[in-house]
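Hi everyone, thanks for making time for this one. I'd like to walk you through a single structure and the contacts that caught my eye. Please pull it up and follow along.

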Amino acid sequence: MKTVIFKKTLFILFFLLSFIGFSQSLPLSKDAKISVLTCGLGNETYSYFGHTGLRVSDPGNNFDVVYNYGTFDFRTPNFVLKFAKGDLQYFATVHSYADFYNEYTYEKRSIFEQDLLIPQDLKQKLFDELNAVLASEERYYTYKFIDKNCTSMVVDVINKSLGQTVITKKEDTDKTYRSILFPYFDGHFYDQLGTSIIFGTKVDQMGTRIFLPFELKNSLDKTTFQNKLLAGKSKTLLEFTKETPTSWWNNIYTYLFILLFVIFAKSKGVDKIFFLILSLIGIFFVVMGFYSFHQELAMNYNVLLFSPLLLVLILFSVLKNKLWTYRFSLINFVLLVIYFLFLINKAHFFITLPLIITSGVALVRTAIRNKKPIPIII
């Protein structure tokens with residue numbers, strides 16, 4: 001979702017507020033239109049899912065601007081920690097449509113427009129609401145991946161201005177958030193793998209909320225208000241075909257190569273390094289589950305694969321305690337089997353299956369190495 005801070009934002013804001021006078025409303029002309037802009041997917045992390053904006057175009061008052069709820073400032077102190085914790089402040093901005101269009105032209109991302117077919121008084125109400133937000137502390141909000149983002153905020157402000165919950169999700173309500181998100185990472189293998197294993201149970205809930213730009217676009221096509229369609233037919237303002245990136249390392253082949261190396265190396269040292277990496281990732285998941293306010297990171301059952309108990313296994317192995325190395329090999333193998341059974345119907349089953357197999361092979365041979373031979377009495 002778009003996060004770039006556009007040029008001239010403050011200039012346009014003060015331009016609008018000079019008309020509004022901070023207390024009076026700028027009357028929209030009868031030719032004014034308000035539309036929802038849906039922007040295409042990009043290959044930067046912030047743009048994987050597209051972007052949603054609200055365009056207000058008024059030839060009578062000689063302005064054409066886009067309101068954007070997806071802005072944050074990279075210069076925020078402790079930016080990475082705040083983003084990870086889930087208390088990073090996003091904010092609403094306004095910028096000229098010309099700048100908006102040029103930015104997406106530069107990024108080679110499409111723009112689709114749907115005019116809101118609402119009465120003049122409701123256009124005015126929505127416009128006033130947008131400007132009231134910009135002129136107050138309400139322009140800041142705490143970003144939440146599913147519940148509060150550039151798309152959900154647009155849905156909320158439109159519904160608020162219409163006085164009722166008009167816009168609701170019209171499709172894919174029988175799919176989980178995880179299943180909906182998974183295809184958006186095509187061409188970015190390790191991002192797809194990383195998000196698959198760091199997300200917990202929340203993303204396995206049914207995706208009943210609109211939280212992605214193209215979900216809103218598709219829902220608007222089927223939404224009615226006052227016995228007619230809420231939005232006009234989608235128009236293409238800018239069209240590009242998304243280029244799928246290629247990388248010598250960011251692909252499934254390097255992933256499989258590394259795991260096959262672990263399997264066929266048949267080395268105690270390689271197995272220990274593999275277990276160490278898995279355990280450290282698991283510890284990170286546990287810490288993030290408690291530290292972060294992102295509900296998507298809580299209750300992460302993927303720690304059954306990335307088990308912190310693998311660290312205990314390594315410790316006993318280093319101490320050459322064969323009995324407890326054997327026992328913790330079995331304990332972790334049981335956890336792995338539980339994880340496998342739990343994961344079968346999940347969207348990320350096949351992408352994690354090679355990790356499950358590799359971990360299983362390494363645990364079994366570690367157990368075999370440390371199992372005491374049964375004495376034979378003759």
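**Salt bridges, a sheet and one isoleucine**

Let me begin with a buried acid: Asp271 counts as buried because its relative accessibility is 1%. Do keep in mind that this is a predicted model.

What does Asp271 pair with? Its partner is Arg369, and the closest N and O atoms of that salt bridge are 3.1 Å apart. This pair links distant parts of the chain, with Arg369 in helix α13 (residues 349–370) and Asp271 in helix α10 (residues 268–291), 98 residues apart. Arg369 has a relative accessible area of 27%, so this residue is partly exposed.

That is one example from a longer list, as the structure holds 17 salt bridges. Let's move to another, between Lys33 and Glu113, where the closest N and O atoms are 3.7 Å apart. Lys33 belongs to strand β1 (residues 33–39) and Glu113 to strand β5, so the two tie together parts that lie 80 residues apart in sequence. Is each of them buried or partly exposed? Glu113 is buried, at a relative accessible area of 1%, while Lys33 is partly exposed, at 24% relative accessibility.

Strand β5 gives us a further pair: the side chains of Asp115 and Lys235 form a salt bridge at 3.1 Å, N to O. Asp115 sits in β5 and Lys235 in strand β9 (residues 235–238), so here the connected parts are 120 residues apart in sequence. Asp115, with a relative accessible area of 18%, is buried; the cut-off for that word is under 20%. Lys235 is partly exposed, with a relative accessible area of 32%.

Which residues do salt bridges with shared partners join into one network? They are Lys33, Arg55, Asp64, Glu113, Asp115 and Lys235.

Now, the sheet behind those strand names. Seven strands make an open sheet in the order β6-β4-β3-β2-β1-β5-β9, and their pairing is antiparallel. The edges belong to β6 (140–142) and β9, and each has a single partner strand, so one side of each is left without a neighbour in the sheet. From one strand to the next, the twist averages 30°.

At the β9 end, β5 and β9 run antiparallel and are joined by three bridges. If you'd like a spot to click on, Ile111 stands opposite Leu238 in β9.

Two helices are worth turning the model for. Helix α5 (residues 150–162) lies across β1, β2 (51–58), β3 (63–71) and β6, and runs at about 45° to β2. Helix α8 (residues 213–220) lies across β1, β2 and β5, at about 135° to β1.

Last stop: Ile118, in the loop between β5 (111–115) and α4 (120–134). Is Ile118 buried or exposed? Buried, because its relative accessibility is 8%. Leaving out residues up to four places away in sequence, Ile118 touches Lys123, Leu162, Phe225 and Leu230. There is also a long-range relation to look at: Ile118 and Gln226 are 108 residues apart along the chain, and their C-alpha atoms are separated by 8.9 Å.

To recap, we saw a pair between helices, Arg369 with Asp271, then a network that includes Glu113 and Asp115, and finally a buried isoleucine, Ile118. Thanks, and I'm happy to take questions.

Methods: Residues numbered from 1 in each chain as written. Predicted model: local features only at pLDDT ≥ 70, side-chain atom pairs only at ≥ 80, totals over all residues. Heavy atoms only, no water. Helix = DSSP H or I, 4+ residues; strand = E, 2+ residues; numbered from the N terminus. Buried < 20%, exposed > 50% of the residue type's maximum accessible area, 1.4 Å probe, protein only. Contact = heavy atoms within 4.5 Å. Salt bridge = Lys/Arg side-chain N within 4 Å of Asp/Glu carboxyl O. Pairing = 2+ DSSP bridges. Axes fitted to C-alpha atoms, helices over the stretch in contact; angles between N-to-C directions.
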